[in-house]
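Here are some worked exercises to try with the viewer open. Have a go at each task before you read its solution.

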Amino acid sequence: MKKFLAVLMAMALCLTVAGCKSYKPEPLNTDLLEYPGTHWGDSPETVMEELGLSPDEVEQGEEESGGYHIGMYGQEYFGALCDAIVFRFEADNSGAYCLTRVEISYPDDTDLSPVCKALEELYGPKVHSYFALESSPLDSGETVYSVQEKAPSGEILGLWISVPPSSYFSDAGKEDIRTLLCEEAITPMPQDIFEEYWTFAPMVTLKCTNDAYPQFQNLPENTNRKAVIFSASPMRWFQNHFTNG
C-alpha cells in the first residue's frame, strides 16, 4: 500500500503546463500498442526528445520504488482533457531506465466514450477476452502455472491487447526464452504451459477504464479512478533479456 501511495503521489505532484495541447501523432507500432511517438524501452531522455518536451514543462525524477517518472498536467489526450499523464520507467539489468507504462488520468466526471472511440481509431477494435499467465505458489515451494482466458471487468470500457511473443520473436529467440523459463527458472514452467503463453498471451495491454484501482476502496486526495493505461511489463521483461530476432 505504501508503494501504491507513493506512485499516486508522483502523479499528483506533476507541474501545470501553460495552455492546453491536443496530442494527435500516430503510434509508431500499433502491434505493440505503443504510446504515440514513443517506443517501449525508451529512456526518459528519448521520450522527452520524441515528444518535444522541455524540462520546464514537466515534473520528473526518481521514485522510492526504484523507478523513474515524467509527468505533466493540463493537456488533452484522445479527445478529453486529462488531469495528469505520467510516463513510468523501470531500470533494466544495466541500471538504465526503460519506458514500461503510460498512465493518463481523467477527472471523475469525464465521459470516456469519446476517448475509447479515439483509441479504436488508432489501435483497432476492442477485444472482449484475453489470455493471461497465472501462477500459484504451493506450500511445497513449487508453482502451478496456467494460461487462463479472461474477460475484462465491467468497469473497463475498452481493452486492447498486443501481439503475443510468437508474433514478435524468431525461433531462436523462442528457444532462448523457453530455456530460461522451462529449464533455468527456480520454479520451471511446464513445456505445454509455455507453448500456450508463447502463442496467446499479449506482451502489452491497453485499457480505458472507469476504475483504474479496483483493489483499493479509498484513494489519496486528487487521485482519479478514470484512466487510460498502457502497460508493457512482459514486453519490458523480454527487452531486458533478449533482442528481437
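Quick bit of vocabulary: buried means under 20% relative accessible area, exposed means over 50%, and partly exposed is in between, using a 1.4 Å probe and protein chains only. You're looking at a predicted model, where local features need pLDDT of at least 70, side-chain atom pairs count only at pLDDT 80 or more, and totals for chains, interfaces and linings use all residues. Residues are numbered from 1 along each chain as its sequence is written, and side-chain values use heavy atoms, with hydrogens and water left out.

**Exercise 1. Get the overall picture of the fold.**

Solution.
- Step 1: take helices (H or I, at least four residues) and strands (E, at least two) as DSSP runs, numbered from the N terminus. The protein chain then has six helices and 12 strands.
- Step 2: check burial. Of the chain's 245 residues, 45% count as buried.
- Step 3: look at contacts, meaning heavy atoms within 4.5 Å. Among those between residues at least 6 apart in sequence, 63% join residues at least 24 apart.

**Exercise 2. Count the disulfides, and work out why Cys208 doesn't form one.**

Solution.
- Step 1: set the rule, which is a pair of cysteine sulfur atoms within 2.5 Å. The count comes to zero.
- Step 2: find the cysteine sulfur closest to that of Cys208. It belongs to Cys116 and sits 3.3 Å away, so it's too far for a bond.
- Step 3: check the surroundings. Cys208 is buried, at a relative accessible area of 0%. Cys182 counts as buried too, at 13%.

**Exercise 3. Map the nonpolar cores.**

Solution.
- Step 1: define a core as a set of buried Ala, Val, Leu, Ile, Met, Phe, Trp, Tyr and Cys residues joined through side-chain atoms within 4.5 Å.
- Step 2: find the largest one. It has 54 residues, and those with the most contacts inside it are Tyr35, Phe78, Phe87, Ile104, Tyr106 and Phe230. Helix 3 (residues 113-123) gives the most to this core, with six residues.
- Step 3: zoom in on Phe78. Beyond its neighbours within four places in sequence, Phe78 has contacts that include Tyr35, Ile104, Tyr106, Val115, Leu119 and Phe230.
- Step 4: look for another core. A second, separate one has five residues, among them Ala212, Tyr213, Phe216 and Ile229.

**Exercise 4. Place Ile229 in the fold.**

Solution.
- Step 1: locate Ile229 in strand 12 (residues 227-231). At 3% relative accessibility, Ile229 counts as buried.
- Step 2: list what Ile229 touches, not counting residues up to four places away in sequence: Arg101, Val102, Thr205, Leu206, Lys207 and Ala212.
- Step 3: compare sequence with space. Ile229 and Val86 are 143 residues apart in sequence, and their C-alpha atoms are 9.8 Å apart.

**Exercise 5. Track down the salt bridges.**

Solution.
- Step 1: apply the cut-off, a side-chain nitrogen of Lys or Arg within 4 Å of a carboxyl oxygen of Asp or Glu. That gives nine salt bridges.
- Step 2: pick out a network. Glu63, Arg88, Arg101 and Glu103 are linked in one. Within it, Arg101 and Glu103 pair up at 2.7 Å, N to O. Arg101 is partly exposed at 27%, whereas Glu103 is buried at 5%.
- Step 3: try Lys174 and Glu195, which meet at 3.0 Å, N to O. This pair links distant parts of the chain, with Lys174 in helix 4 (residues 171-184) and Glu195 in helix 5 (residues 191-200), 21 residues apart. Lys174 counts as partly exposed at 22%, and Glu195 does at 29%.
- Step 4: finish with Glu175 and Arg178, joined at 2.9 Å, N to O. They're three residues apart in helix 4, so about one helical turn separates them. Glu175 is partly exposed at 38%, while Arg178 is buried at 15%.

**Exercise 6. Which side chain of opposite charge is nearest to Asp42, and what surrounds Asp42?**

Solution.
- Step 1: find Asp42 in the loop between strand 1 (22-23) and helix 2 (44-50).
- Step 2: assign charges, with Lys and Arg positive, Asp and Glu negative, and His and the chain ends not counted. Asp42 is buried yet has no salt bridge, and the nearest opposite charge is on Arg236, 14 Å away.
- Step 3: look for polar atoms. A polar atom of the Asp42 side chain lies 2.7 Å from the backbone nitrogen of His39.
- Step 4: list contacts. Leaving aside neighbours within four places in sequence, Asp42 is in contact with Val47, Glu50, Phe89, Tyr97, Cys98 and Leu99.

Note on methods: A polar contact is a pair of N or O atoms within 3.5 Å; within protein, one must be able to donate a hydrogen and the other to accept it, and residues adjacent in sequence count only if both atoms are side-chain atoms.
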